[in-house]
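Subject: Handover of a structure and a summary of its features

Dear colleague,

Please find below the structure that I am handing over to you. A summary of what was found in it follows.

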Amino acid sequence: MEAEGLGWLLVPLHQLVSWVAAGAMVFGGVVPYIPQYRDIRRTQNADGFSTHVCLVLLVANILRILFWFGRHFESPLLWQSIVMILTMLLMLKVCTEVRVANELNIKRRSFTDFDPHHFWHWSSFADYVQCVLAFTGVAGYVTYLSIDSALFVETLGFLAVLTEAMLGVPQLYRNYRHRSTEGMSLKMVLMWTSGDTFKTAYFLLNGAPLQFSVCGLLQVMVDLAILGQAYAFAHHPQKPAPHAVHPASAKAL
């Protein structure tokens, strides 16, 4: 009798935990960007955030959605990709507005210039949207033609999660190049780490495709490397070399 009563209690409890975990998967990935978004709005400075993070996540989640058409996986992972794409577009919008408002160079750069030197450094949010739509169209067409090939579908899935695993690399490189994490939201990276750890555990426990679990572990390693940079640069800051700068030529990189 007691076992039956306990079972009656555990069934809805298990269902509730499943719903909470699914909700965390869908929306948990965007939470780390809330403090960074607020910092950019508050300071009107986007120099500390690498917009190439947005590029990586847009490519990864577009490829993941296309992978779903060839090999269905859990719905929360699909919805997570849709929510993340919308979030990255919002981050690009605020970064572009702030950068253009502060930029000394008033020359307009657009996606249709097809200038590789200014790729992903355009003057209008609409140019980023055009680029994303162009990539989605080309990738979608290739996927449509090759959807019956198991090798193509598995490769597509691997590329999707491998690209996402490289999420922190642009921020890691920016920190290394500047020998500083100034302007980077530490809260964002801590949330990256906790979120990626939860996500990887979710993949392992729910039997997601192997590509998801392997690349999830890579993401956690990159997150820890960025946290190591934050600690190292805070305790051993680089002393700036004295040099003369002409007022008219001073410009933030």
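How many nonpolar, polar and charged residues does the lining of the largest cavity have? Before I answer, please note that this is a predicted model, and allow me to describe the chain in outline.

Overall fold

The chain comprises 253 residues, of which 41% are buried. Its secondary structure consists of nine helices and zero strands, so by DSSP runs the order of elements from the N terminus is α-α-α-α-α-α-α-α-α. Of the contacts between residues at least 6 apart in sequence, 75% join residues at least 24 apart.

The cavity

One cavity of 30 Å³ or more is present in the structure. The largest cavity holds about 40 Å³ of space. As to the question above, its lining has five nonpolar, two polar and three charged residues. The residues concerned are R64, V161, E164, A165, K199, F203, F212, C215, G216 and Q219. At least two lining residues come from each of α6 (150–165), α8 and α9 (210–235). The largest share belongs to α9, which supplies four residues.

One of the lining residues, E164, also appears in a pairing that spans a long stretch of sequence: L58 and E164 are 106 residues apart along the chain, and their C-alpha atoms are 8.9 Å apart.

L58 and the aromatic residues

L58 belongs to helix α3. With a relative accessible area of 2%, L58 is buried, because the limit for that class is under 20%. Leaving aside neighbours within four places in sequence, L58 is in contact with I85, M88, L89, L92, W120 and V132.

W120, one of these partners, is likewise buried, at 2% relative accessibility. W120 also belongs to a cluster linked by ring pairs, together with F111, F114, F119, W122 and Y128. In total, the structure holds 10 aromatic pairs. One of them joins F119 and W120: the ring centres are 6.0 Å apart and the planes stand at 35°, so this pair counts as tilted. The angle falls between the limits of 30 degrees for stacked and 60 for edge-to-face, which is why neither of those labels applies. Whereas W120 is buried, F119 is partly exposed, at 39% relative accessibility.

A further long-range pair involves Y144, which is found in helix α5. Y144 and F69 are 75 residues apart along the chain, with their C-alpha atoms separated by 9.1 Å. Y144 is exposed, with a relative accessible area of 64%.

Polar contacts

Two residues deserve mention under this heading. N175 lies in helix α7 and is buried, with a relative accessible area of 0%. The N175 side chain makes a polar contact of 3.4 Å with the side chain of R174. Apart from neighbours within four places in sequence, N175 is in contact with S180, T181, M184, I226, Q229 and F233.

S124 is placed in the loop between α4 (75–102) and α5 (125–146). A polar atom of the S124 side chain lies 3.2 Å from the backbone nitrogen of A126. Again leaving aside neighbours within four places in sequence, S124 is in contact with T96 and R108.

Positive phi angles

Which loops hold Q44 and R179? Q44 is in the loop between α2 (33–43) and α3 (52–70), and R179 is in the loop between α7 (169–178) and α8 (186–205). Most residues other than glycine have a negative phi. Q44, however, has a positive phi near 55°, and R179 has a positive phi of about 50°. Q44 is partly exposed, because its relative accessibility of 38% lies between the limits of 20% and 50%. R179 is partly exposed as well, with a relative accessible area of 38%.

Yours sincerely

Conventions
Residues numbered from 1 in each chain as written. Predicted model: local features only at pLDDT ≥ 70, side-chain atom pairs only at ≥ 80, totals over all residues. Heavy atoms only, no water. Buried < 20%, exposed > 50% of the residue type's maximum accessible area, 1.4 Å probe, protein only. Phe/Tyr/Trp six-rings, centres within 6.5 Å; stacked < 30°, edge-to-face > 60°. 1 Å grid on protein atoms, 1.4 Å probe; cavity = no way out; pocket = protein on both sides within 12 Å on 5 of 7 lines; lining within 4 Å. Points joined across faces, edges and corners; volume = space filled by probe spheres on them. Nonpolar A, V, L, I, M, F, W, Y, C, P; charged D, E, K, R; others polar. Polar contact = N/O pair within 3.5 Å; in protein donor to acceptor, adjacent residues only side chain to side chain. Contact = heavy atoms within 4.5 Å.
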